[in-house]
Each structure stands twice: as structure tokens, then as C-alpha cells.
Amino acid sequence: MSAVANPATVAECLRVGAGFSQGDRNWIAEQFATLNARLAGFHADATELEVSVKNREARGQKVTLECWVAGRQKIVTTSAEEDLHAALNDVRDDLRRRLNDAKTKQEPRHNKHLRDVAQPVPGDEAEAGDETDTDPARAQAETV
């Protein structure tokens, strides 16, 4: 992975949405600090996080964490944990897993287009020249 000049951090990219106040922002950023290592691979100006809660501290509470990274699909994680602290940890951990999965899918071994391109193997050039001395029918069968 190439180094990013201005890496994303939770403190820089986090917005608080419905159900939270700006006073909650620092507390939430501390809870999400473990995401910093995963977000560091993205540019800060192209990354956004927004956390919101419906029915805060009530039965049926739902915490939502959304992540936008330029050039990728939006990732949305939710938790219905009754404890707010547990719900925040749940959405944080789910986002980390999904960011890791997205990164893994972009690696060549998981990218069908890159995997299907024949990679030259050292030493094949010499073997290709040796085929002129073999039986033409056998050479044709090997190439099919």
C-alpha cells in the first residue's frame, strides 16, 4: 500500500448525527480510536464517518455508523444493543471487519481481472524454443 500524505483519522473524519450532541463527539472518537490504524490507508479529505442513534437509551435503540471513502461503496453498520457503549463498540468492530474485507477484495488474488491475466513464469522462454523439435501434433495438443 502506498503511503498517504494526509491519512484519515476518526477525530478528523467523524460527524455526529441524530441522537448525539457535539459534546458526545470526543467520547465517541475515543471509543472509535482503534479504527485509526484501518483508516490511515485513506486520504482524510476523501473519508467521512457519521454516527447516529435512534431512540437513545430506550428500548429499541439503534446505532448506525456510516463510512464514505472516495472511490468505494458506502459502508453502513448498525447495532440494536441496548447499552449505548456496547452498541458503539459493535458498530466500530463491524466497520473494521468490513473495511478489511473491502481491502482484501481489491488485492490481486481476489481480483478476477488481475488473476486471469497470464503472468510470465521465468524459464518459459527456453521451453517455448524447445517445442520446434517436438512432434507438431503433440505441440498442438499442449496448446489447447
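1. Helices here are DSSP runs of H or I with at least four residues, strands are runs of E with at least two, and both are numbered from the N terminus. With that naming, glutamate 57 sits in the loop between β2 and β3. Keep in mind that this is a predicted model.

2. Start with the overall layout. The protein has seven helices and four strands. Along the sequence they come in the order α-β-α-α-β-β-β-α-α-α-α. The chain has 144 residues, and 30% of them count as buried. Among contacts with a separation of 6 or more, 51% link residues 24 or more positions apart. The exposed surface is about 9400 Å², with 49% of it supplied by carbon and sulfur atoms.

3. Next, the strand pairing. β1 and β2 run parallel and are joined by three bridges. In that pair, leucine 14 has leucine 49 of β2 as its bridge partner. β2 and β3 are antiparallel, with eight bridges between them. Here valine 51 stands opposite leucine 65 of β3. β3 and β4 are also antiparallel, and five bridges join them. Cysteine 67 is bridged to isoleucine 75 in β4.

4. The β3–β4 hairpin deserves a look. Five residues lie between its strands, and glycine 71 in this hairpin has a positive phi near 85°. Strand β4 covers residues 75–79 and has two faces. Ile75, Thr77 and Ser79 form the covered face, while Val76 and Thr78 form the uncovered one.

5. What does the main core look like? In soluble globular proteins, nonpolar side chains tend to be buried together. The largest nonpolar core in this model holds 27 residues, and Phe32 and Val51 touch the most other members. At least two residues come from each of α1 (10–13), β1 (14–16), α2 (22–31), β2 (47–54), β3 (62–69) and α4 (84–106). α4 gives the largest share, six residues.

6. Which residues does phenylalanine 32 contact, beyond its neighbours within four places in sequence? The list is Val10, Leu14, Val51, Leu65, Leu88, Val91 and Arg92. Two of these, Val51 and Leu65, also face each other across the β2–β3 pairing. Leu14 is the residue bridged to leucine 49. Val51 is the other residue that, with Phe32, touches the most core members.

7. Helix α2 has a buried side and an exposed side. Asp24, Arg25, Ile28, Ala29 and Gln31 are its buried residues. They span an arc of only 145° around the axis, so they lie on the same side of α2. Gly23, Asn26 and Glu30 are exposed on the other side. Note that charged and polar names, including Asp24 and Arg25, appear in the buried set.

8. How do α2 and α4 connect at histidine 85? Histidine 85 belongs to helix α4. Its relative accessible area is 34%, so it counts as partly exposed. Not counting residues up to four places away in sequence, histidine 85 touches Trp27 and Gln31. Histidine 85 and glutamine 31 are 54 residues apart in sequence, yet their C-alpha atoms are 8.3 Å apart. Glutamine 31 is one of the buried residues of α2.

9. The loop between β2 and β3 has two backbone angles to check. Most residues other than glycine have a negative phi, and most peptide bonds are trans. Asparagine 55, in this loop, has a positive phi near 55°. Glutamate 57 likewise has a positive phi, about 55°, although it is not a glycine.

10. Glutamine 61: buried or exposed? This residue is also in the β2–β3 loop. Its relative accessible area is 2%, under the 20% cut-off, so glutamine 61 is buried. Glutamate 57 is exposed, with a relative accessible area of 63%. A polar atom of the glutamine 61 side chain lies 2.6 Å from the backbone nitrogen of glutamate 57. The glutamine 61 side chain also reaches the backbone oxygen of glutamate 82, at 3.4 Å.

11. The surroundings of glutamine 61 complete the picture. Leaving aside neighbours within four places in sequence, its contacts include Val53, Lys54, Asn55 and Arg56. Ser79, Ala80, Glu81, Glu82, Asp83, Leu84 and Ala87 are on the list as well. Of these, Asn55 is the loop residue with the positive phi near 55°, and Ser79 is on the covered face of β4.

Terms used. Residues numbered from 1 in each chain as written. Predicted model: local features only at pLDDT ≥ 70, side-chain atom pairs only at ≥ 80, totals over all residues. Heavy atoms only, no water. Core = buried A, V, L, I, M, F, W, Y, C linked by side-chain atoms within 4.5 Å. Buried < 20%, exposed > 50% of the residue type's maximum accessible area, 1.4 Å probe, protein only. Contact = heavy atoms within 4.5 Å. Arc of directions from axis to C-beta. Polar contact = N/O pair within 3.5 Å; in protein donor to acceptor, adjacent residues only side chain to side chain. Pairing = 2+ DSSP bridges. Areas by Shrake-Rupley, 256 points an atom, 1.4 Å probe, with all protein chains shown as cover.
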